[in-house]
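Visitor: I would like to learn how pockets, cores and helix faces are read from a set of coordinates. Could we work through one case together?

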Amino acid sequence: MRMYDMIEKKKRGGVLSREEIAWMIRSFVQGEIPDYQMSAMLMAIYFQGMEDGEITDLTLEMAHSGDMVDLSPIKGVKVDKHSTGGVGDKTTLIAGPLAAACGVKVAKMSGRGLGHTGGTVDKLESIPGFRTEIGREEFFRIVEEHGIAVIGQSGNLVPADKKLYALRDVTATVDSIPLIASSIMSKKLAAGSDGIVLDVKTGSGAFMKDPASSRALAEKMVAIGRQAGKRCCALITNMDVPLGHAVGNALEMREAIETLMGRGPADLVRVSTELAALMVWLGDGGGRSEGNAGQRDALGGRFVQGEDGRKACGSPSAGQTAGGAGLDRARERVMEALSNGAGLKVLADMAEAQGGDPRCVWEPDRLAIGRERLEVKAPSDGFMGHMDTEAVGIASVLLGAGRSRKEDALDYGAGIVLKKKYGEAVQAGETIAVLYASEKERLAPAAEKFLSACTVQREKPKEEPLIYELVR
Ligand code: URA
């Protein structure tokens, strides 16, 4: 086989065979295909797309390019959760402990920040002493004892994705549905959980900017998961504004803890508890039988069709909701774990087991934040309108909360706290955000970037959905 012929084929919209995909991925991982040829292939895929069968073949081949984690020594159903990436997206830190408090086993391998998006591993490492590099046996033991452990991805987990992602990052080929679906699902399959809840973000801070593309991505990923024998569903959620108020590692950790203490912002509580409920639901066997039930359910109190085909309508209190009574029960259990502090206790126990200072969980003000601060003021009277959330993510990177280059050190205390969000009234000169950093000179350029991301408009903007739909 020759890479040249495959590039030519894909360039003309041809379909790559399973053998061709297998050969291409193996040869690339072994260093036998140069980056320039793979870059050309990625761009051909970007423009021509891939058929469902090709995406599945690519995903499976990538998943098997390195270690396949065997979680069978951990008793119970293991459920993973993955976000396609967003700004201020700290849901894993809330949904994971809540699901674990409800009896689900969460053996989570998480990433670091990527581009303008944050990463769970970086956020957890803002707790002094927290170790995200631990051996497999210790990882399994912590999951057994506390229901959850979160570690960074092992060195040899999906090496094909590591190499491909690095190339995509520099060849403008990240925002491609086949490439994102195969990248995420290869890692989820290799990580070995029985169930996978996907949080597919949509909007200006997400890789997919509109609900239709996010839905297409969600459907592809769910189909791949199910073909691989996993319980799998995806929630499409809004990323047109940062989730919650905090952006940046220690700031987000503080906000996640406050949320587990019952004092979280409404949007963050809503998305995190819904994700946790889906994890519990999958753990209880939900999402296995499709029947003729609707594949997509509108959420946010507007449900379409139950798992058994019964119509459900109105608000959750109207009775059947997406996923049927099982999901309603899961929601109740999650809300209970939130209100009785069980989720918070799980987070504190996990932090301690992984070497972190648990006092930071009981008293989140102990988490250090940047000593330099700058208040950003509204330029005019009006209402907060559209926000370029990707630019807000970049502003937080400028403050030191993310990396511009792989080798950059993080400033855990850097970031942004939004004081005004979409739809809120503001007066000229009122503080709309506070920026934090360790180095004063980082503040002004970040403030400029942040302000360029905001709009203040005369009319109150129309409300946007927070949760679009459930794909299963
Ligand atoms: N996250 C991933 O892991 N891969 C992508 O391609 C995009 C987001």
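Guide: Let us begin with an open space in what is a predicted model: the second largest pocket holds about 480 Å³ of space.

Visitor: Which residues lie nearest the centre of the second largest pocket?

Guide: A pocket is read through its lining, and here 21 residues form that lining, with V241, D267, Y422, E464 and L466 lying nearest the centre. If one asks instead about elements, helix 12 and strand 9 are those that give two or more residues to the lining of this pocket.

Visitor: How many cavities of 30 Å³ or more does the structure hold?

Guide: A cavity differs from a pocket in that a probe fits inside but cannot get out. The structure holds 2 cavities of 30 Å³ or more, and the largest cavity has a volume of about 80 Å³. That largest cavity is lined by 14 residues, of which L42, L58, M62, L164 and L179 are the closest to its centre. Two or more lining residues come from each of helix 2 (18–29), helix 3 (35–48), helix 4 (52–63), helix 8 (159–170) and helix 9 (177–191), and helix 3 gives the most, with 4 residues.

Visitor: Which residues have the most contacts inside the largest nonpolar core?

Guide: The largest nonpolar core has 79 residues, and I416 and F450 are those with the most contacts inside it. Its largest share, 11 residues, is supplied by helix 12 (residues 266–283), while domain 2 (79–362) and domain 3 (368–457) each contribute at least three residues to this core. A second, separate core of 56 residues includes L42, M185, A191 and A218.

Visitor: What does F450 touch, leaving aside residues up to four places away in sequence?

Guide: With those sequence neighbours set aside, F450 touches V376, M387, V392, A395, I416, L418, I432 and A433.

Visitor: Why do the buried residues of helix 17 lie on the same side?

Guide: The general idea is that an α-helix has 3.6 residues a turn, so residues three or four places apart point the same way. In helix 17 (residues 443–453) the buried residues are L443, A446, A447, F450 and A453. They lie on the same side of helix 17 because they cover an arc of only 120° around the axis. The face turned away from this buried side carries the exposed residues A444, E448 and S452.

Visitor: What covers the buried residues of helix 17?

Guide: The cover includes strand 8 (372–377), strand 9 (382–387), helix 16 (389–399), strand 10 (415–418), strand 12 (431–437) and strand 13 (454–457).

Methods:
Residues are numbered from 1 along each chain as its sequence is written. This is a predicted model: local features need pLDDT of at least 70, side-chain atom pairs count only at pLDDT 80 or more; totals for chains, interfaces and linings use all residues. Side-chain values use heavy atoms; hydrogens and water are left out. Buried means under 20% relative accessible area, exposed over 50%, partly exposed in between (1.4 Å probe, protein chains only). The arc is that of the directions from the helix axis to the C-beta atoms. Contact means heavy atoms within 4.5 Å. A nonpolar core is a set of buried Ala, Val, Leu, Ile, Met, Phe, Trp, Tyr and Cys residues joined through side-chain atoms within 4.5 Å. Domain bounds come from an automatic or database domain assignment. On a 1 Å grid over the protein atoms alone, a cavity is a set of points where a 1.4 Å probe fits but cannot get out, and a pocket is an open set with protein on both sides within 12 Å along at least five of seven lines; lining residues have an atom within 4 Å of a point. Grid points are joined across faces, edges and corners, and a volume is the space filled by probe spheres set on the points.
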